[in-house]
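Reader: I would like to learn how to read backbone angles and strand pairing in a model such as this one. Could you take me through it step by step?

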Amino acid sequence: MVKKKGKFWVCEECFLRYEEKEWAEKCEGWCKKYRACNIEITKHAILK
Ligand SMILES: [Zn+2]
């Protein structure tokens, strides 16, 4: 399950953070299934 951390949602598989829960959930779904990141999803991550 994605976790709320401060104002971000965190994918528990790859620990990327997202502003929107929807993207964090998509990321986690993909990470669990493919064990790799999808650039189309991770480009929505907060990189800082
Ligand atoms: Zn992920």
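Author: Let us begin with the terms: helices and strands are DSSP runs, a helix having at least four residues and a strand at least two, and they are numbered from the N terminus. Please keep in mind that this is a predicted model.

Reader: What sign does phi have in most residues other than glycine?

Author: In general, most residues other than glycine have a negative phi. Here Phe 15, although it is not a glycine, has a positive phi of about 65°, and this residue sits in the loop between strand E2 (8-10) and strand E3 (17-18). Arg 35 is likewise a residue other than glycine with a positive phi, near 55°, and its place is the loop that lies between helix H1 (21-34) and helix H2 (39-42).

Reader: Is Phe 15 buried or exposed, and why does Arg 35 count as buried or exposed?

Author: A residue is exposed if 12 or fewer other C-beta atoms lie within 10 Å of its own. Phe 15 counts as exposed because it has 12 C-beta neighbours inside 10 Å, and Arg 35 is exposed because 9 other C-beta atoms lie within 10 Å.

Reader: In which order do the three strands form the sheet?

Author: The sheet is open, with the order E1-E2-E3 and antiparallel pairing. Strand E1 (3-5) and E3 are at the edges with a single partner strand each, so each has one side without a neighbour in the sheet. Between E1 and E2, which run antiparallel, there are three bridges, and Lys 3 stands opposite Val 10 in E2.

Key
Residues numbered from 1 in each chain as written. Predicted model: local features only at pLDDT ≥ 70, side-chain atom pairs only at ≥ 80, totals over all residues. Buried ≥ 20, exposed ≤ 12 C-beta atoms within 10 Å, placed from the backbone. Pairing = 2+ DSSP bridges.
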